[in-house]
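This report covers the nonpolar side chains of one protein model, first inside and then at the surface.

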Amino acid sequence: MEIFKDLLKFSVVDIIDVILVALLLYYIYKLVKGTVAINIFIGIIIIYLVWKLTSFLEMELLTGIFGGFMKVGIIALIVVFQPEIRKFLLMVGSTNFNRRRKFLKQFSFLKTEGESETDVDAIMSACNKMSMSKTGALIVFERNNNLDFLASSGDEMNIKVTQPIIESIFFKNSPLHDGAIIVSNNIVKATRVILPVNNEKTIPQRFGLRHRAAIGITEKTDALALVVSEETGHISYFKDGEFVVFEDTNQLNLMIKKDLV
């Protein structure tokens, strides 16, 4: 009966509080899902539960050990989850909320099913042709995090995405081919963009500067990146700072569309 009495005491503010905490936990889970950080996140939850259990059982020695770990754990969390915290802060401080659709994308379970505004088919067709001619390319898709701070490092544009436009930008004799392009809502918003490069020695040697730049931008923001290798013509796709495996370009096309919605 006591439980029912407590439930009846729930106010509207309490319900809102629970919903907001649920949203926060859900977004944190989405942020670390599919990364090594998810295992660390689960490990921290397990340690917290064990700490509460030892406290309930009055096991003073273990409670003191786990309690001390939890007290200094915030520093460890900042170090371990630095990339995820950076992404979260970028999302919160993003100035790219002027479009309602962009705002709803912050909470993926609130969005309505639809298609990406970006003409992914045209971009993939251009990448396939550049792959056959071994023309190097680096295409960055802007999502929730505003990339204007990077766009200013190159030449700001306002060009609608089409296959000929993408191919002409990365044509070897084009003055715009060097660096990356940023695509947002089917618009090429900048060319010759300088991206942060990942210098980790664990990255395979076959990855060149374009690949390292793609890893760098996708691990620091929620952007997506496509790379066409100038040496092999191979098309690579990067998300969350990692190389995404795909069977063929048709599957890749569907993956990009899904990630952009």
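Which residues have the most contacts inside the largest nonpolar core? In this predicted model, they are Ile-123, Ile-139, Phe-141, Ile-166, Leu-226 and Ile-256, and the core has 26 residues. Helices and strands both feed this core: α7, β1, α9, β3, β5, β6 and α11 each supply at least two of its residues. The largest share comes from α7, which gives six residues.

Ile-123 falls within the range of α7 (120–132). With neighbours within four places in sequence set aside, Ile-123 is in contact with Thr-118, Ile-139, Phe-141, Val-161, Ile-166, Val-183 and Leu-226. Another core lies apart from this one; it has 19 residues, including Leu-150, Ala-190, Ala-213 and Ala-214.

At the surface, Leu-53, Phe-56, Leu-57, Met-59, Leu-61, Leu-62 and Ile-65 make a nonpolar patch of about 740 Å². Both α3 (37–56) and α4 (60–80) supply at least two residues each to the patch, and α4 gives the most, with three. Met-59, also part of the patch, sits in the loop between α3 and α4. Its relative accessibility is 35%, so Met-59 counts as partly exposed; the cut-offs for that class are 20% and 50%.

The nonpolar groups compare in outline as follows.

| Group | Extent | Some members |
|---|---|---|
| Largest nonpolar core | 26 residues | including Ile-139 and Ile-256 |
| Another core | 19 residues | including Leu-150 and Ala-213 |
| Nonpolar surface patch | about 740 Å² | including Phe-56 and Ile-65 |

Key: Residues numbered from 1 in each chain as written. Predicted model: local features only at pLDDT ≥ 70, side-chain atom pairs only at ≥ 80, totals over all residues. Heavy atoms only, no water. Patch = residues over 30% accessible without salt bridge, like charges linked within 9 Å, V, L, I, M, F, W, Y side chains within 5 Å. Areas by Shrake-Rupley, 256 points an atom, 1.4 Å probe, with all protein chains shown as cover. Salt bridge = Lys/Arg side-chain N within 4 Å of Asp/Glu carboxyl O. Helix = DSSP H or I, 4+ residues; strand = E, 2+ residues; numbered from the N terminus. Buried < 20%, exposed > 50% of the residue type's maximum accessible area, 1.4 Å probe, protein only. Core = buried A, V, L, I, M, F, W, Y, C linked by side-chain atoms within 4.5 Å. Contact = heavy atoms within 4.5 Å.
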